[in-house]
Amino acid sequence: MRARLIGLMVLAFMLAACGAPTATPTVVVANVAPASTATAAGLEASATPAPAATDALLVVTKFVEASATPAATDAADEAEAAIGAVLGDPLLRTYRVMVSMQVNATFLADTAKATVAGEMEGDDLPVSVLVFGALTQSVDEDAVDVTPPPELAAAWPAALAAHEGIKRVSGQWLLQQLSAAEVLTALTPLQADLEAALVAADNAVAGTYHVQAASLTEYRARVTLALEKLFE
């Protein structure tokens, strides 16, 4: 189990470092001659002699002719615009942070369950604390930038209140003010409040993007189950 926890810790630190995506990455190609009038055969022929290696030189060989056509460029621009719109959608950004809150809460609860069952060995508990801290940091940093849309005007404050309550419980456990069993008891109503907020969010996202709310709820359940398997 320790190896799996360490793997999750690495992932958590990566999430904390990266934060929410703000823009679609741009690839810059340097030292490539314009190909506005080149044909596929011309491009292939011009790429035959191998250029000498120089600093910051990018060698490009055998482009597919279709990749340079206006139609393909337009499609790529449309795809990039669509991805940017999705990433910037306040509804999806808020929903993503709420789901992260639930992942965080589930991890804490599963750690407490494993502790009660005597399944935490060696450095398992300290590693779990590091993972939880990284996950919490990631959620908190993302939450600061959230402006909930009208569809989540009630669900977001409820989720945020539950998240803050879960953080308090984790602090009390860390300070040994609560036992692992008491942590589980304290988390139960907070996780129920968070789930209720997320069910409302499932419905909001489903109505906007024309998907089944039940599918979103089922997906969250699978994520929760995957976390629980870390402790088996």
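Reader: What makes Lys167 and Asp140 a salt bridge?

Author: In this predicted model, the closest N and O atoms of Lys167 and Asp140 are 3.0 Å apart. A salt bridge needs a Lys or Arg side-chain nitrogen within 4 Å of a carboxyl oxygen of Asp or Glu, so the pair qualifies. The two residues come from distant parts of the chain: Lys167 from helix H6 and Asp140 from helix H5, 27 residues apart.

Reader: Why is Lys167 called partly exposed?

Author: Its relative accessible area is 23%. Buried means under 20% and exposed means over 50%, so Lys167 falls in between. Asp140, with 24%, is partly exposed as well.

Reader: Which salt bridge joins helix H7 to helix H8?

Author: The pair is Asp202 and Arg220, with the closest N and O atoms 2.7 Å apart. Asp202 lies in helix H7 (residues 180-209) and Arg220 in helix H8 (residues 213-229), 18 residues apart.

Reader: How do you know whether Asp202 and Arg220 are buried or exposed?

Author: Asp202 has 0% relative accessibility and Arg220 has 3%. The limit for buried is under 20%, so both count as buried. Elsewhere, salt bridges with shared partners join Asp140, Glu164 and Lys167 into one network.

Reader: How many salt bridges does the whole structure hold?

Author: A search finds 6. One of them is between the side chains of Asp142 and Arg96, at 3.2 Å from N to O. This pair links Asp142 in helix H5 with Arg96 in helix H4, 46 residues apart.

Reader: Why do Asp142 and Arg96 get their burial labels?

Author: Asp142 has a relative accessible area of 8%, which is under 20%, so Asp142 is buried. Arg96 stands at 31%, between the 20% and 50% limits, and therefore counts as partly exposed.

Reader: Why is H4 called roughly antiparallel to H5?

Author: Helix H4 (residues 90-116) and helix H5 (residues 124-144) pack at an angle of about 165°, with their axes 10 Å apart. Angles over 145 degrees count as roughly antiparallel, so H4 and H5 earn the term. Their crossing is left-handed.

Reader: Which residues make the nonpolar surface patch?

Author: Leu125, Val129 and Leu174 make a patch of about 250 Å². Leu174 belongs to helix H6 (residues 155-174).

Reader: What makes Leu174 count as exposed?

Author: Leu174 has 60% relative accessibility. Exposed means over 50%, so Leu174 passes that limit.

Note on methods:
Residues numbered from 1 in each chain as written. Predicted model: local features only at pLDDT ≥ 70, side-chain atom pairs only at ≥ 80, totals over all residues. Heavy atoms only, no water. Patch = residues over 30% accessible without salt bridge, like charges linked within 9 Å, V, L, I, M, F, W, Y side chains within 5 Å. Areas by Shrake-Rupley, 256 points an atom, 1.4 Å probe, with all protein chains shown as cover. Helix = DSSP H or I, 4+ residues; strand = E, 2+ residues; numbered from the N terminus. Buried < 20%, exposed > 50% of the residue type's maximum accessible area, 1.4 Å probe, protein only. Axes fitted to C-alpha atoms, helices over the stretch in contact; angles between N-to-C directions. Parallel < 35°, antiparallel > 145°, perpendicular 65-115°, else oblique. Left-handed = near helix turned anticlockwise from the far one by under 90°.
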